[in-house]
Amino acid sequence: MSYLSRRLHLRLPEIVREYLREGENLVDRWPPERLAGYHRQALFRILTHAWEHNRFYRRKFLEAGIVPAALALPEDLHRVPLTSKEEIRGQPWVLLSVPRHQVSQIHVSTGTTGGDQIYIPHTWEDLYVRNLAPAMRRLVPVGIDDVVINALPYEMSSAGLAFHRTFQKGCGALVMPAGKGGYYSTPERTLRAARDLGATILITTPSYAVLLAEVAQEEKIVLAEIPLRFLWLTGEGCSPAFRERIEALWGHPAYFYYGSLEAGPIGIECMARGGYHLAAGHVYVEIVDPDTTRPLAPGETGEIVITELTRLASPVIRYRTGDFGYLDDAPCACGVPLWKLSLRGRVDDQIRVNGVAHSPYYLEEFLMRSPEVGNWYQFLPKSDRISIRVEPAPGVTPSEAIRQAIESRLEYETGIPVEVQFVSQVPRSGGKTLRVIHEHPDPDRG
Ligand SMILES: [Zn+2]
């Protein structure tokens, strides 16, 4: 054991140490009863910590008439009030539950929605001990021989640094902090570094993976010369057809990772795909009806609600992620017993046409199956149809006949009335790519 790991091990909090004993700290191998025991104790501990050290949570618990010590967990968790983004926006210290001098790092939300920012303070232990402790070797197949190009944002965001720590300290890999289109980190330089260093893993967002592939073509950088094992995509979701396009551009498989500033890691896709195995050492995941907040059973689609289990600086308890998804308790071909989560897009991005809501991934899936269509598009929902602004695929000259053919094919396959408009260029974004542009706020949503 190295000096650092010995030191880290000594600093592990009791709940984590008890369940993550040396040599057994692989959450993805735990039998269900061990995981259930961990969840019971970890939920109790984080609720009690918030009750004892945070006024915001204490007030909410009192208003709901609950005391953590009297709850049976996880059965009574639904009695704990939900926490919304609106409650914590613009208030950096509202979740703070440790003395302020213990805070060593703060990240800021990078979402596409406007309004005040969300801040999440961390202690050093939160970042380097608790967050790296519940290891998931089979789900994070990164090792000491890997060269990782980390093309996620390092500024403000938690994404770049979180993966940096996980790969470098948690997996022992070599990590190149490329960033995502920052002042120094142009796409060209990122690609050159990937080629020159012999990168084996690229982690970035789906849209930036496409942008990098386009720049490689312009700069005559041959992607096949980069010895990648796979791409890891996060920060944005996408349809299976869009993923296939990314894999075709790069010539390597692409897997997905789901997490957030507020919750840290939430789900990790295995090589068998078909959903994200829950990062069950880090989070307890529930699905609720977004309107009634009633808990939903596996298989039922609703809003994803997260309770973070390990970090003490800013506990995140029954937090409404704003993402839609459902849980899958069926065994997975990969052998990892952790339940899986399937994502259905952001609540705010659901497209409502003629009173029916559709996931943007659903329409994207069919759009991306059209070979005449390029990789960049925007959906502009109208009350009775969806207007789609799209670039033509390379080598395709748009014509009225092509446009009409795509429209009728999409309408036939999706049942959604659409109008397609070819544009020479859809704007590229350095931040999260906006796929759905609501011209008017949805009157049905508060
Ligand atoms: Zn699996």
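Q: What is the strand order of the open sheet of eleven strands?
A: This is a predicted model, and its eleven-stranded open sheet has mixed pairing. At the edges sit S4 (174-176) and S10 (283-288), each pairing on one side only. From one strand to the next the twist averages 35°. Reading across, the order is S4-S3-S5-S6-S7-S8-S9-S13-S12-S11-S10.

Q: Which residue in S13 stands opposite Asp323?
A: Strands of a sheet pair through backbone hydrogen bonds, either parallel or antiparallel. Here S12 (residues 319-328) and S13 (residues 340-346) go the antiparallel way, over five bridges. Opposite Asp323 in that pairing you'll find Arg346.

Q: Are H8 and H9 roughly parallel or roughly perpendicular?
A: The axes of H8 (residues 187-197) and H9 (residues 206-218) come within 9 Å and cross at roughly 80°. Angles of 65 to 115 degrees count as roughly perpendicular. So H8 against H9 is roughly perpendicular.

Q: How many nonpolar residues are in the contact of H8 with H9?
A: From H8 come Pro187, Glu188, Thr190 and Leu191, and they meet Leu211, Leu212, Val215 and Ala216 in H9. Sorted by class, there's one charged residue and one polar one, and the nonpolar count is six.

Q: Why are the buried residues of H10 on the same side, and what arc do they cover?
A: An α-helix has 3.6 residues a turn, so residues three or four places apart point the same way. In H10 (residues 240-250) the buried set is Phe242, Arg243, Arg245, Ile246 and Trp250. These residues pack against H9, S6 (230-233), S7 (254-260), H11 (360-368) and S16. They lie on the same side of H10 because the arc they cover around the axis is only 155°.

Q: Which residue just after H10 takes a positive phi?
A: Look just past the end of H10, residues 240-250. The phi there is about 75°, and the residue is Gly251.

Q: Is Arg130 buried or exposed?
A: Arg130 lies in H6 (residues 124-130). Its C-alpha is 8.6 Å from that of His282, though the two are 152 residues apart along the chain. Being buried takes 20 or more other C-beta atoms within 10 Å. Arg130 has 26, so it counts as buried.

Q: Is Asp384 buried or exposed?
A: Asp384 lies in the loop between S16 (373-381) and S17 (386-392). Setting aside neighbours within four places in sequence, its contacts are Val353, Asn354 and Pro417. The cut-off for exposed is 12 or fewer other C-beta atoms within 10 Å. Asp384 has 9, so it is exposed.

Key:
Residues numbered from 1 in each chain as written. Predicted model: local features only at pLDDT ≥ 70, side-chain atom pairs only at ≥ 80, totals over all residues. Axes fitted to C-alpha atoms, helices over the stretch in contact; angles between N-to-C directions. Helix = DSSP H or I, 4+ residues; strand = E, 2+ residues; numbered from the N terminus. Parallel < 35°, antiparallel > 145°, perpendicular 65-115°, else oblique. Contact = placed C-beta atoms within 7 Å. Nonpolar A, V, L, I, M, F, W, Y, C, P; charged D, E, K, R; others polar. Arc of directions from axis to C-beta. Pairing = 2+ DSSP bridges.
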